[in-house]
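I opened the model to look up how its strands pair, how its helices pack and where its nonpolar residues gather. These are my notes, in the order in which I looked.

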Amino acid sequence: PWWIGELQKLIELKGLKKDYYGRGLESSKRFQFMWWKQGLESVRRSPLLAGYNFFQLADTNQYENANSILDCFDEVQFATAEAFQKFNADTILVADFRDRCFAAGSKIVIPVYLSHYDDRLGGEATFVWELRSGSGKRVAMRGALDAISLDETGSRRIGIIDLRLPEFGRAEELVFACWLELADGRKVAANDWSLWLYPRSAGTFNPKKIAFNLDTLDLRRRYPELARRERPLPGKSLFIANRFNPTVFAHLKRGGDVLMLYRVPEVHSKFGPFEKFSFPATQDRFKGVIWDRGHNFGGFIRASRALRDFPNRGHIDFQFHRLVDDADKLDLDDFPVRIVPIIQGNDKAARDRFDVHKFGLSEFQPAYTLRKFAYLFELRVGKGRLLMTGFNFTGIETYCPEVCALFESLLGYMQSGAFKPRASIGVAALAAYLLRKGREPRIKERMMTQYWQLDEEPVESARYWARSEAWLRDNKPY
């Protein structure tokens, strides 16, 4: 098809050939798979479930459309049958986690459901669960419940696990696993979920050399020892800000460090106010993309000491939920120097279907597809150093353990000898780029992505479509 060659051109244009076919593709498959698991497990908990079918699924293209035509390339993709059947075999176990990230020593309640539709399994079984380290080398807790009847089919809750999580000295990934043991010794319906545990104490950083000036976040609610100041402390101190301005540039010029927690009104509003020194960004959501709604296809993480206290497996998972949702996703497409992000986000290549039906745009749209997104990157700016992220850190004020843990890990990194950005740009060059972006028209996300970003209603309304189209047709700069 013609679009394969056009897609290859787009990948070359964006400088994403290596990452897109390597870690970008793998991480997008992982993100897709974890939402399959989340969604189907939610369905399988329902006692009303009698079965389901795929919408518009066909094995040929002789249908009203080919939205769900079966993949005829016969290639095994990221998901294996064994992994898929953990959450969608005839009989499965589902643990209902309302959260995946916890402070050490927290009490949690885990409802467990049996979704059983295999009439070949009968009699009684023993339900077994355990909480172990992500590496599988250590089991922290274990329990069992006898006399689980398999003679009744359907979905039902079989128990509630009430436990206190262990106390660990540092952040760690845990795995909650469970299965059924049959009378003949067989193990069936095995399933598992990753959880993340974080210490309650703050990380190792020196608050006396840190000052901050943030519009929407008061760090003192978690860290009362930090100084809130309009200007940074003198010398090679660390200044935390949420936007670029002459104060930030002057501190970098003097050789200071800046942690930029970029969060500005224009990303979250169609009508401003707009930044004078604007870094290209768009509002992000932590949810899967269906069809051409949205732009979040997950992301991947490069090895860095910046994440020493934030355990991960090299890709975006549920420990990033609060950090990504309503974040300012940074766009590096035309940044003056090449940056290799510490955490890179994946964008979709497809343009909005309404671009064709309403606006006559049938080709790829490079301005707002397959962007080089970054969640976290570092840069030497003149004599100073910059660590920049668009993650949503508002959870610091309410002590979301994973949000605090990442923030503390970044602070510790910036005050360590490991903070040595490789990419560099002059202070004047950075200011000129941001000033130019502030004067340029902003990229307007298209109709379906706007709806995905609003995250307000389950179904689009005629009023929404009309207002969204009118806004895109408006010739104002933004």
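Before reading any pairing I fixed the terms: two strands pair if DSSP finds at least two bridges between them, and helices (H or I, at least four residues) and strands (E, at least two) are DSSP runs, numbered from the N terminus. I noted that this is a predicted model, in which local features need pLDDT of at least 70 and side-chain atom pairs count only at pLDDT 80 or more, while totals for chains, interfaces and linings use all residues. Residues are numbered from 1 along each chain as its sequence is written, and side-chain values use heavy atoms, with hydrogens and water left out.

**Entry: the sheet.** I found Phe127 standing opposite Leu180 in E9, and Thr126 opposite Glu181 in that strand. Strand E6 (residues 124-133) and strand E9 (residues 172-182) pair in the antiparallel sense over 9 bridges. On pairing E9 with E10 I again read the antiparallel sense, over 9 bridges, with Phe176 opposite Trp193 in E10. E9 and E10 form a hairpin with 4 residues between them, and Gly185 in the turn has a positive phi of about 95°. I then checked the cover of E9, taking buried as under 20% relative accessible area, exposed as over 50% and partly exposed as in between (1.4 Å probe, protein chains only); 10 of the 11 residues of E9 are buried.

Stepping back, I traced an open sheet of 5 strands in the order E4-E10-E9-E6-E7, with mixed pairing. Strand E4 (101-103) and strand E7 (139-149) stand at the edges, each with a single partner strand, so one side of each has no neighbour in the sheet. The twist averages 25° from one strand to the next. Helix H7 (residues 401-414) packs on the sheet and touches E4 and strand E10 (187-198), its direction making about 80° with that of E4; here contact means heavy atoms within 4.5 Å, and angles run from 0 to 180 degrees between N-to-C directions, with axes fitted to C-alpha atoms, for helices over the stretch in contact.

**Entry: the cores.** I took a nonpolar core as a set of buried Ala, Val, Leu, Ile, Met, Phe, Trp, Tyr and Cys residues joined through side-chain atoms within 4.5 Å. Of the 47 residues in the largest core, Leu219, Ile240, Leu259, Phe320, Ile343, Phe393 and Phe407 touch the most other members. The largest share of this core, 9 residues, comes from H7. Not counting residues up to four places away in sequence, I listed the contacts of Leu259, among them Phe407, Leu410, Leu411 and Met414. A second, separate core of 32 residues includes Leu252, Met260, Phe277 and Leu430.

**Entry: one residue of H7.** Is Val403, which lies in helix H7, buried or exposed? At 1% relative accessibility Val403 counts as buried, and beyond four places in sequence it touches Arg322, Leu323, Asn392, Phe393, Gly395 and Ile396.

**Entry: a helix pair.** The axes of helix H2 (residues 17-44) and helix H3 (residues 81-88) come within 9 Å and cross at roughly 30°. I therefore call H2 and H3 roughly parallel to each other, since angles under 35 degrees count as roughly parallel, over 145 as roughly antiparallel, 65 to 115 as roughly perpendicular and the rest as oblique. The contact is made by Phe33, Trp36, Lys37, Leu40, Glu41 and Arg44 of H2 and by Ala83, Phe84, Phe87 and Asn88 of H3.
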